[in-house]
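Thanks for coming. I will take a few minutes to go through one model, starting with the ligand and then turning to two buried side chains.

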Amino acid sequence: MSERFQYPLKPYNTFGFNVFAKQINIIFHPNELNELFLAQKINETSRVLGGGSNILFTQDFEGQLLKNEIKGRTTISETNETIDIAFGGGENWHETVIYCVNNNWGGIENLSLIPGTVGASPIQNIGAYGSEIKDTFLWLKAFNLKTGELETFNYSDCNFGYRDSYFKREGQNNYFITEVCFRLSKNPVINVQYGDIQAVLDNAKIEFPTIKDVSDAIISIRQSKLPNPSEIGNCGSFFKNPVILKSHFNTLQEKFPDIKSFPVSDTLVKVPAGWLIEKAGWKGKRFGAVGVHEKQALVLVNYGEGTGIEIKNLAQNILQNILETFEIQLEIEVNVW
Ligand code: EPU
């Protein structure tokens, strides 16, 4: 373990803000959490940091950060059809996806190129291109920062929802996820229903795609739409796609005939926040060093010298404007610290 003070967080947050942590402990093994706990060095200011790809720092962090660097992968069990494989919470998510794709283990290939770590993936049940982490999730191990116990959470304990889980609600800030296990398929069934995936495959004249082809197609779609955090600071989707009543949607459709939606239930639909924000005129707008991305209005960006406060103010203006224009209360998806 390494312990540092007044630590620069610029490389540790994908918005690229120049903020500092009062204290940071870099954790390479679950035992180190136990040692810290027994030495009473974990307290109510302690927070866990994964890849920093879903956090908006609005100021220096005045507490203790526990940075997850727990690596490793363990095959738990295997049949002719499936493999149950656990990864250290500090493993890079995309590298994990590529490792599985290269082994032809299917189930997470549609989640290619999502920034962040394995340990953070269940917290907001990461999802993209027709897949969510909950579809392959088996269990996770998490160190309880209040009791010092290493707990196991099975699927039903996690209460997964759209960009949501137990760890964003009752369990918030209480757990350090050390390991996550997925059940992957050795006979992958590909999922190319969402958006442009099929069109990209057709364009490349791929008739019988492998999961590697699907992963490659998704990587190229993401690269064409989403800013690369190493070039332009961002946290991916800044807002969640709102779920609204169908009756409300029907009223909006009279005024905005091209409004998009995804079915949720008999009475509810999900509306793409990117569409709403674009329709309201925000897409590509720049305010000093921050702005709304030009190709995906759901993504707020830091062009270089912006601050977390500027992003937060921009987000608040957008929230207010979307409420006035569509009577829809958007919800911020990233954690604001
Ligand atoms: N749209 C617009 N304008 C925009 C953005 C989107 O009109 O600026 C429209 C698109 O034309 C399309 C619809 O909205 O009809 C959906 O767009 P897209 O496929 O880009 O997906 P999204 O709903 O905007 C969600 C996730 C993304 C994920 C994509 C693909 C959320 C909050 N975001 O975005 O996740 O990559 O679907 O599955 O659900 C992330 O979480 O960081 C993230 C990027």
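A polar contact here is a pair of N or O atoms within 3.5 Å; within protein, one must be able to donate a hydrogen and the other to accept it, and residues adjacent in sequence count only if both atoms are side-chain atoms. This is a predicted model, in which local features need pLDDT of at least 70 and side-chain atom pairs count only at pLDDT 80 or more, while totals for chains, interfaces and linings use all residues. Residues are numbered from 1 along each chain as its sequence is written, and side-chain values use heavy atoms, with hydrogens and water left out.

Ligand oxygen atoms make polar contacts with the protein. One lies 2.8 Å from a polar backbone atom of Ala 297, and the backbone of Ser 237 also offers a polar atom at 2.8 Å from a ligand oxygen. From Lys 283 the partner is a polar side-chain atom, 3.2 Å from an oxygen of the ligand. The protein buries 84% of the 810 Å² that the ligand exposes when taken alone (Shrake-Rupley method, 1.4 Å probe; for residues, only the protein chains shown count as cover).

Now the shell. It has 22 residues around the ligand, the closest being Tyr 129, Tyr 162, Arg 163, Tyr 194 and Glu 278, where near means that a heavy atom lies within 4 Å. By type, ten are nonpolar, five polar and seven charged (Ala, Val, Leu, Ile, Met, Phe, Trp, Tyr, Cys and Pro are nonpolar, Asp, Glu, Lys and Arg charged, the others, Gly among them, polar). At least two residues each come from α4 (211-225), β13 (233-237) and α6 (273-279), with α6 giving the most, three. Helices are DSSP runs of H or I, at least four residues, and strands runs of E, at least two, numbered from the N terminus.

Where does the ligand lie relative to domain 2 and domain 3? Domain 2 (73-185) and domain 3 (233-336) both contribute to the shell, so the ligand lies between them. Domain bounds come from an automatic or database assignment. The C-alpha centres of these two domains are 27 Å apart, and their contact (heavy atoms within 4.5 Å) takes five residues from each.

Last, Glu 132, in strand β9 (residues 131-132). Glu 132 is buried at 16% relative accessible area, because buried means under 20%, exposed over 50% and partly exposed in between, with a 1.4 Å probe and protein chains only. Beyond four places in sequence, its contacts include Leu 111 and Tyr 162.

Gln 124, in the loop between α2 (93-102) and β8 (127-128), is also buried, at 11%. Its contacts beyond four places include Asn 54, Arg 163 and Glu 333.
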